[in-house]
Every structure is written in C-alpha cells, then in structure tokens.
Amino acid sequence: MIKIQREDFSVEDLVEEMKRRSKNIGAVVTFLGVAREFSRGREVLELEYEVYEDMAVETLEEIRREAIEKFDVTDVFIVHRYGRIGINENIVLIVVGAVHRKEAFEACMFCIDEIKRRAPIWKKEKTKEGEFWV
C-alpha cells in the first residue's frame with residue numbers, strides 16, 4: 001500500500017491492517033516521522049512538503065517492492081503527507097509486517113533511507129529567519 005495525501009493518518013489503523021495481511025506475521029515494525037520544533041539551529045514554525053505525485057507514487061512502489069524482495073517480508077505500507085504540516089504532526093509512516101523482527105527492522109530502515117534518497121518529495125522549513133528548502 002502506497003499513499004500520498006494531505007490529511008493525517010492513523011498509525012493504529014494501519015498497524016491493524018498490516019496484522020490482517022497474514023496469520024504468519026510475527027513482527028510489525030513502524031517508523032513514524034514527525035515535524036520537530038528545531039532544525040539546523042533554528043526554531044521551525046511549520047513545514048511545507050511539495051511532491052511530484054505520479055513519480056513519487058512510482059518511486060515509493062519501487063522501494064516497497066525492493067524491500068519485500070530483499071528482506072523477504074510479508075508486506076510494506078508507506079504513507080507520506082504533503083502540504084503544510086505543523087510541529088508534532090505526522091509526516092511519514094512506514095509499516096512493515098514480517099515473520100521475524102530482524103527482517104522487519106531492516107526493511108523499515110531500508111525504506112526510510114531510500115525515500116530520503118530517491119523520492120521526489122521536497123521539504124521547506126518555515127522559521128522566524130525565513131524559509132529554507134531542505
């Protein structure tokens with residue numbers, strides 16, 4: 001499951017959905033990225049994410065498939081928000097279901113690292129000193 005959306009998401013609902021994928025899932029690992037108040041020595045007032053949606057969906061799906069194949073996990077969900085995001089709000093969620101925890105953790109780390117490296121999603125930090133693309 002890949003979703004790119006403006007609205008917030010429910011971590012609990014997506015974890016429950018993952019558990020329903022298979023009766024052989026023994027581990028569910030999540031990564032939840034949230035907006036923090038300080039970055040690079042500046043107070044952040046809010047974030048704004050821009051996305052090239054069609055390409056981002058394609059890239060996230062590639063990352064998802066690679067994680068499933070490379071780490072032999074049951075499934076991977078990736079949800080990423082765009083638009084304005086306030087401090088302490090959810091930004092990105094990765095949910096990995098697997099038979100064993102080691103593979104679930106490795107797949108989850110792989111996914112967030114690859115999203116940061118490859119996905120056409122851009123972040124602007126709005127601060128008292130101005131706006132900065134990161």
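Visitor: How far apart are the closest N and O atoms in the salt bridge of R81 with E89?
Guide: This is a predicted model: local features need pLDDT of at least 70, side-chain atom pairs count only at pLDDT 80 or more, and totals for chains, interfaces and linings use all residues. Residues are numbered from 1 along each chain as its sequence is written, and side-chain values use heavy atoms, leaving out hydrogens and water. A salt bridge puts a side-chain nitrogen of Lys or Arg within 4 Å of a carboxyl oxygen of Asp or Glu. For R81 and E89, the gap between the closest N and O atoms is 3.3 Å.

Visitor: Is R81 buried or exposed?
Guide: Buried means under 20% relative accessible area, exposed over 50%, partly exposed in between (1.4 Å probe, protein chains only). The partner E89, at 33%, is partly exposed. R81 has 6% relative accessibility, so R81 counts as buried.

Visitor: How many residues separate D75 and R21?
Guide: D75 forms a salt bridge with R21, with 3.6 Å between the closest N and O atoms. D75 lies in strand 5 and R21 in the loop between helix 1 and strand 2 (helices, H or I, at least four residues, and strands, E, at least two, are DSSP runs numbered from the N terminus). The pair links distant parts of the chain, and the separation is 54 residues.

Visitor: Which element gives the most to the largest nonpolar core?
Guide: A nonpolar core joins buried Ala, Val, Leu, Ile, Met, Phe, Trp, Tyr and Cys residues through side-chain atoms within 4.5 Å. The largest has 32 residues. With seven residues, the top contributor is helix 3.
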